Amino acid sequence: MSFSITYKKYVLSQNETCGFDLTSEDRKMLKSIAYHTIKATLEGKKYEPGKLSDVLLTKCGAFVSLHKKGRLRGCIGHFGEDMPLYQVVEHMAKAAAFEDPRFYGVTMEELDDIDIEISVLTPMKRIQSIDEFELGKQGIFMRKGYHTGTFLPQVADEVSWTKEEFLGHCSQDKAGIGWDGWKTAELYTYEAIVF
């Protein structure tokens with residue numbers, strides 16, 4: 001699975017927590033925002049969401065993944081605390097549908113066949129050892145110079161890699177720093193609320 005990302009540094013200290021959860025109504029609203037943003041863009045309009053809960057105004061990162069008949073159709077994400085969650089979902093839905101360089105833009109004809117998955121990200125925490133990384137529960141983000149790469153937590157459910165293989169693939173395939181590049185990169189973990 002591949003991802004394009006935008007990155008704004010925000011690191012969680014050892015004692016902080018994300019501090020929020022999403023209700024079923026929040027999740028429905030975010031899915032609606034993603035769908036209607038894509039639809040409005042196709043129609044040349046702008047979508048304005050209705051009343052938003054305080055949680056949707058929280059500043060945090062998110063990925064929006066689009067699938068068509070079980071196959072990836074676009075995925076773009078944003079780490080950061082620079083805009084409210086609902087706006088991140090708006091921007092990432094539009095980017096996943098029309099700006100992912102691996103795919104042509106989503107068309108109106110296929111819109112109803114697109115499944116939207118949203119991963120709301122907790123703030124990142126710097127780790128010093130891979131012993132601090134929980135494969136399958138946490139995502140990994142690595143940075144070495146200008147090279148960055150990430151795998152969302154749910155990628156571990158799709159592959160049968162060991163922790164070292166997970167890091168090696170992220171390092172080589174995503175960050176472009178070679179199989180062992182993660183050993184000298186800055187490593188961060190985060191969790192995702194996926195729906």
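His169 is buried in this predicted model, with a relative accessible area of 19%, where buried means under 20% relative accessible area, exposed over 50% and partly exposed in between (1.4 Å probe, protein chains only). The model is a prediction, in which local features need pLDDT of at least 70 and side-chain atom pairs count only at pLDDT 80 or more, while totals for chains, interfaces and linings use all residues. Residues are numbered from 1 along each chain as its sequence is written, and side-chain values use heavy atoms, with hydrogens and water left out.

His169 belongs to helix 4 (residues 163-175); helices (H or I, at least four residues) and strands (E, at least two) are DSSP runs, numbered from the N terminus. Setting aside residues up to four places away in sequence, His169 touches Phe151, Trp161, Lys174 and Trp179, a contact being heavy atoms within 4.5 Å. Trp182 lies in the loop between helix 4 and strand 9 (186-190). This tryptophan counts as buried at 11% relative accessibility. Beyond its neighbours within four places in sequence, Trp182 is in contact with Ile130, Met142, Glu164, Leu167, Gly168, Ser171, Ile177 and Leu187. One of these, Ser171, is eleven residues from Trp182 in sequence, and the two are 5.5 Å apart in space, C-alpha to C-alpha.

Turning to the whole protein, there are four helices and ten strands, which run β-β-α-β-β-α-β-β-β-β-α-α-β-β from the N terminus on. Of the 195 residues, 47% count as buried. Among contacts with a separation of 6 or more, 74% join residues 24 or more positions apart. The accessible surface comes to about 9,700 Å², with 48% of it belonging to carbon and sulfur atoms; these areas come from the Shrake-Rupley method with a 1.4 Å probe, and for residues only the protein chains shown count as cover.

Helix 2 deserves a paragraph of its own. At 1.5 Å a residue, the 14 residues of this helix (residues 85-98) should span 20 Å, and the end C-alpha atoms are indeed 20 Å apart, which agrees; the expected span is 1.5 Å times one less than the number of residues. Helix 2 is mostly covered, with ten of its 14 residues buried. Leu85, Tyr86, Val88, Val89, Glu90, Met92, Ala93, Ala95, Ala96 and Ala97 make up this buried set, and they pack against helix 1 (24-42), strand 3 (61-68), strand 4 (71-79) and strand 5 (114-121).

The largest nonpolar core holds 32 residues, of which Leu30, Leu66, Leu85, Val89, Ile118 and Val120 touch the most other members. Such a core is a set of buried Ala, Val, Leu, Ile, Met, Phe, Trp, Tyr and Cys residues joined through side-chain atoms within 4.5 Å. Helix 1, strand 3, helix 2 and strand 5 each supply at least two residues of this core, and the largest share, nine residues, comes from helix 2. A second, separate core of 25 residues includes Phe63, Met124, Ile130 and Tyr190. Back in the largest core, Leu30 contacts Leu22, Leu56, Leu85, Tyr86, Val89, Ile118, Val120 and Phe195, leaving aside its neighbours within four places in sequence.

Aromatic rings come next. Rings of Phe, Tyr and Trp (its six-membered ring) pair if their centres lie within 6.5 Å, with planes under 30 degrees apart counted as stacked, over 60 as edge-to-face and the rest as tilted. By this rule the count comes to eight aromatic pairs. Trp161 and Phe166 form one that is edge-to-face, at 6.4 Å centre to centre and with 65° between the planes. Trp161 is partly exposed at 26% relative accessibility, whereas Phe166 is buried at 0%. Ring pairs also link Phe63, Phe79, Phe141, Tyr188 and Tyr190 into a cluster. Charges sit over two of the rings mentioned here: the charged end of Arg73 lies over Tyr104, 4.1 Å from the ring centre, and Arg126 lies over the face of Tyr188, at 5.7 Å from the ring centre. The criterion is NZ of Lys or CZ of Arg within 6 Å of the ring centre and within 35 degrees of the ring normal.

Two lysines in loops complete the picture. Lys69, between strand 3 and strand 4, is exposed at 72% relative accessibility. Most residues other than glycine have a negative phi, yet phi of Lys69 is near 55°, a positive value. Lys59, between helix 1 and strand 3, is partly exposed, with a relative accessible area of 49%.
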